[in-house]
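Student: Could you take me through one part of this model in detail, namely the space enclosed inside the protein?

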Amino acid sequence: MKMWKKLTTVALASMLALGLTACSADESEGKVEGATSKYLESNITIVAPSGAGGGWDLTARAIAKTMSETKLIDKSIVVENKPGGGGAVYMAEFATKELKNDHVLLVKSPPILINNNKAEGNSAYGYKDTTPLAQLTRDYGAIVVKADSKFNSLKDVLKAIKKDPKSVTLAGGSAPGSMDHLVGVLPAFEYGIDPKTVKYVSYDGGGEAVAALLGGNADVIATDASTIGAYLKSGDVRVLAVSSSERLGGELTEVPTFKEEGIDAEFTIWRGIFGPKEMSETAYDYWSEKLEKMVESDEWNAELEKNGWESEYRNADDFTTYLEEQDKVIVELLTALGMQK
């Protein structure tokens, strides 16, 4: 936990000394206000370490839009897309070149943990090389099949894999060991299947994974619950289960959770915002206050509804604790896959 406010106690015996102390306090307050004013003179950049249209990009743009519409921040906020390596390429730049840059923030999700713990294709940098500011949203994984699939439940899929792992092709929109892969093998792992035996095929994004499913090149896909609603509504797919602790709303109201299917597991796809590791006290306090106000606004709630996100706000301290817990879950899964560092 960062302690930003330093307390100084001075014992004085005369009115003159008390007067001098008051003057000193006024000067100190003036310095803080001056630092805040100076910080606000520069524009802000929020980086989405991916191409346009993905979850990171949409989150970054939702933050920028809400801050502007609510006038919580009157300076320009620029969103930059810096794709590469599932977020790992820019993560290295953020952790080194932007180490003390208060004006550059980063939007991330579980890959900040996954990439840092994977043995191959990994990142040397993780959440400990940042200053976590807030978790903003949560999404969940979904296990999806084509509308005419022979599988009617998650248990049907798991039984088929257990009987003959090569007979079922699981696909996802991320590389082996990344988020979709982990969402897909988590039920198998908990069902007693060696996750290394699960046949997984990776595609470049959730859209391509859905296309593979509809084209008959995959039997099952693991993807974000918030992105599959349109395909479910059109009747092209069926969602067998979601990785949430409780049933979701909207198009997914009738879809059971992993736990309802007898799988004692859940997987949250959180999204949050991070500052540089050596972020100043002034910037840290500023963003902590602004983000807390932002998530309470009607404008932010409108963004959540538009994008199909669930609201889940954690302040900096709670978010850091949550990341520590999630890191252990990721390491356990990667270890089971034989893909940990």
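Tutor: What follows is a close look at the largest cavity and its lining. The model is a predicted one, in which local features need pLDDT of at least 70 and side-chain atom pairs count only at pLDDT 80 or more, while totals for chains, interfaces and linings use all residues. Residues are numbered from 1 along each chain as its sequence is written, and side-chain values use heavy atoms, leaving out hydrogens and water.

Rolling a probe the size of a water molecule over the atoms shows where empty space is left. On a 1 Å grid over the protein atoms alone, a cavity is a set of points where a 1.4 Å probe fits but cannot get out, and its lining residues have an atom within 4 Å of a point. The structure holds one cavity of 30 Å³ or more, and the largest cavity contains about 70 Å³ of space, a volume being the space filled by probe spheres set on the points, which are joined across faces, edges and corners.

Around the largest cavity lie I143, L154, V157, L158, I161, L170, G184, P187, A188, V198 and V220. Helices here are DSSP runs of H or I with at least four residues, numbered from the N terminus. Helix 5 (154-163) and helix 6 (179-190) each give at least two residues to this lining, and helix 5 has the largest share, with four residues. By character, the lining divides into 10 nonpolar residues, one polar and no charged, where Ala, Val, Leu, Ile, Met, Phe, Trp, Tyr, Cys and Pro count as nonpolar, Asp, Glu, Lys and Arg as charged, and the others, Gly among them, as polar.

Methods
On a 1 Å grid over the protein atoms alone, a cavity is a set of points where a 1.4 Å probe fits but cannot get out, and a pocket is an open set with protein on both sides within 12 Å along at least five of seven lines; lining residues have an atom within 4 Å of a point.
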